[in-house]
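User: Please take a close look at the largest nonpolar core of this chain. Which residues touch the most other members, and which elements supply the core?

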Amino acid sequence: MLGLGAAGLVTAPYLQRGLEAFLGSAADKDPTGLTGLLPNGGGFRYYSVAASVPRKGPDTYRLTVDGLVDRPATYTLDELRALPQTRVVHDVQCVTGWRVPHTPFEGVRLSRLLDAAGVRPDAGAVRFTCFDGTYSESLTLQQARRADVMVALRMKDAPIGHAHGGPVRLYVAPMYFYKSAKWLSGISVTSDVRPGYWEERGYDVDAWVGRSNGRGDTPTV
């Protein structure tokens, strides 16, 4: 029994990663979204609003920063990895009700990229686009400059995989998870907030956990 228990401890992480990879691959090919109803060992669900999402790696990934800025920029994956990294640990809360506690994310603070670009005085918001060709999100400039909002490269102490929105995703710690756009490819500084994909379909623009969407969840901060 002790041997079986030890074997279970050793194999559990591999089995969990295998299950996550399987469900992620299935979700990537499931335009119905039904795979998002299936739980897995990590507690996450897999959602995509596109029929399929291309895969990006170090040779093909690019992140653009443009709009109301003085110095537009384009970053490769290696360039993002070379910037100072920040690590935060918070609960992840989905507006559909599931929560994954104490989830580490690491990446570049969004405020650092905005400062490097030189945000103009008439700016008031930031819009995010994704290489799935469909999803979008927005934050006010004040929200975007929070210390717990980042361009994330790692999740759960590993590079972010494709199913979780990798190689780069947005992470907005205090808001419902739909604000943390997957497959991030564009950051555009705008004058006003433009509602994102789900907000155009009735979700709250200001998606603070426990203070929006008619839910009473415990805040994640």
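Analyst: What follows describes that core, after a short note on the chain around it.

This is a predicted model, in which local features need pLDDT of at least 70, side-chain atom pairs count only at pLDDT 80 or more, and totals for chains, interfaces and linings use all residues. Residues are numbered from 1 along each chain as its sequence is written, and side-chain values use heavy atoms, with hydrogens and water left out.

The chain has 4 helices and 10 strands, taken as DSSP runs (helices H or I, at least four residues; strands E, at least two) numbered from the N terminus. Of its 221 residues, 48% are buried, meaning under 20% relative accessible area with a 1.4 Å probe, protein chains only.

A nonpolar core is a set of buried Ala, Val, Leu, Ile, Met, Phe, Trp, Tyr and Cys residues joined through side-chain atoms within 4.5 Å. The largest one holds 43 residues, and Leu63, Leu110, Leu184 and Ile187 touch the most other members. Elements giving two or more residues to this core include strand 1, helix 2 (77–82), strand 5 (125–130) and strand 10 (184–190). Helix 3 gives the largest share, 4 residues.

Leu184 has contacts (heavy atoms within 4.5 Å) beyond its neighbours within four places in sequence, including Tyr61, Leu63, Phe128, Val151 and Leu170. Another core, of 14 residues, lies apart from the largest one, and Val92, Cys94, Phe105 and Met150 are among its residues.

Conventions:
Buried < 20%, exposed > 50% of the residue type's maximum accessible area, 1.4 Å probe, protein only.
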